[in-house]
Amino acid sequence: MLPSTARFAALYLVAIVAGQLTVLGKPDAMPVIWPATAVAAVWLVNRNDSRWRWADAVVLGVLTAVALVVTGMSPGLALVHGAAAMIEAAVFAIAAIRWLPEVWTPGGRSLGTLGDLVRVLPVATVAALGGAVLGGIGEQLITGDHSPTTVAVWLVRDVVSVLIFGGAARRLRDLPSSRQNWLEAVMIYAISAAAYFYVFSVNQDLPIGFALLPLTVWAALRLPTVLAIGHVMVFGTTAAVFTLHDHGPYAMIGASSLIIQLYIGILALVGLSLAFSRDERVGLIERLRASEHEATEKAGLMTTIINSMTEGLAILDQSGHLVLRNPAAGRLLGSTEKVTGGVSLGSDYGFFHPDGAPLADAELPYQRALAGEDVQPMDVLIRNAAVPEGRIVRFNVARLASPGGSQHVVVVFHDVTADRRHRDELMSFAGVVAHDLLNPLTTIEGWAEVLESELAGYKPAERVSRIQRAAARMRTFLNGLLAYTAARDGKLMPTTINLQLLLADIANSRYDQAESNGARPPQFAFGPLDAVDADPVLARQLFESLIDNALDLATPGVAPQISVSAQPAPNGMLRIDILDNGRGIPAGMRQAVFTNFHRGEGHGGSGLELAVCKRIVERHGGTIEATANPYGGGTRMTFTLPAGRSAYARTLENQWQQRPQATGATALHPR
């Protein structure tokens, strides 16, 4: 650590000698400029991590005393000034470590921001006040001649020294390389030199020193910070030198030392504040430009990726207008010219249900998402002038919440026409095969009965029963395929259906079935049930399948309880809830149960029952979902069907509302 101490000691001695050259008046008067304070502050801050830092503080005090004695100060006063310099530097170092971290430390930085300036000012003031008070008391005890003005001069001088010379620390390496900066600096320095010469020498009787302040502002706003600090340092020293030789507007004032210190302090504060503020602004602009460049590159890359996607992508605002779309979206929607930003994406593009039924704007998946619904992927038939043959597009929708609170929706379009056609062909083929297999299956069942009667009483008859059970399973499977085909391809013949009568009939049949099988009869509870407009055959199949599914999931040893209720839903639909107290459907399987050939654990049947239900509901323009029973164990099946609109439907609704039990559930116990 000795080389570092030696370098700081040498620089400190040079600063003391330079400061002694700015003494105003008698030889033992206060120097006007004292760069040694800044050197001492930087010295001890740099040595903060060294265990010998207090030894450096002692060396600093000794050097101060020796140098002042050599330059003509009495030994007593020199010791006082040495002790004051040591205390002042130590206080500054301790406060700076807390309030100015990483400033002037080894590997750290010099003053460079307005925040640094705001923090260094009180730190330097506290340290200088400590040195000034100690020095003032010492001078009073030794010479008996000390005034408050001297303490004020000491205080302002040392604060200005830290601001100017401390601010210049490590700034020399930031000297500009631009020729334009140097040319402008030469011009500003030349004009400043002429102005200072005129004010402090040619026309010194006029008190117009304030007129020189704009030159500091000019330098701080236009020049690099190191040259702006140099401008303050050079012309602050120039003003002090002129005042030292009794020239200028401040030379004839009684407290000229204090006035010139305040003048230099104002130059330093104005110059450094503007220079640091400009540096922060320039740095912020550079970061913004870098961020803008990076964002532009990313946006360009993202645009390239989006435009090269085969899937369509569109973003709509909360009013349903397009904000962004890629070319694939225009191709899939069949209207490239119309699908542009700012227009509405509605049913006028030719949106239909896959079965050809018109799709209202309110039924569009992104409109439902904007309304707050959790929308599952939905297939939409698009048929317009550009796509006369029709195209089935799957809409995948997700809501986007912007920081401003407005809602946006992102829609991904995927052409599933080929997949859908392939699936439909397979299902049609399966339906044909199922129909064709029923005849030989009937023959097998018939001959199995004959064989069973002929082998009655013999052991081989047990094997015939296996044939019959296998045939029954196959008939169930084939009937499921035929039911799905009918639900998918059959022509809808909607009419007004009295759900009360329909469900009562289904409940009675299930009660009879349980009684004949020796099982516990189910209990049914019906809430308000308005009429619906639906195909009567498909509607009965829908309710029977859902009720049978609830009975299949019944808990062993527990009487099945099924409740059905309805309530109005948006867009002219009726929401129907079927709740049971069975085993329930696991959360991860509540969507899979509606897929083809899905069989849950312990669940019989063909695996098409709930897929048929989903198809029937969708063909009527509704949706279906399975959730947990909110009132206990079991499942709640929720689906929508078109509400009845005929006069008969209104009559049924009025009859239900006039019942005494209109607000409660009606329990049905057949027979």
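Colleague: Which residues do ring pairs link into a cluster?

Modeller: Ring pairs link Tyr 189, Tyr 196, Phe 200, Phe 235, Phe 242, Tyr 250 and Tyr 263. Rings of Phe, Tyr and Trp (its six-membered ring) pair if their centres lie within 6.5 Å; planes under 30 degrees apart count as stacked, over 60 as edge-to-face and the rest as tilted. This is a predicted model, in which local features need pLDDT of at least 70 and side-chain atom pairs count only at pLDDT 80 or more, while totals for chains, interfaces and linings use all residues. Residues are numbered from 1 along each chain as its sequence is written, and side-chain values use heavy atoms, with hydrogens and water left out.

Colleague: What makes Tyr 196 and Phe 200 a stacked pair?

Modeller: The structure holds 14 aromatic pairs. In the pair of Tyr 196 and Phe 200, the centres are 5.8 Å apart and the planes differ by 5°. These values meet the limits of 6.5 Å and 30 degrees, so the pair is stacked.

Colleague: Why is Thr 5 called buried?

Modeller: Buried means under 20% relative accessible area, exposed over 50%, partly exposed in between (1.4 Å probe, protein chains only). Thr 5 has 12% relative accessibility, so Thr 5 counts as buried.

Colleague: What joins the side chains of Thr 5 and Asp 56?

Modeller: A polar contact of 3.2 Å joins them. The term requires a pair of N or O atoms within 3.5 Å; within protein, one must be able to donate a hydrogen and the other to accept it, and residues adjacent in sequence count only if both atoms are side-chain atoms.
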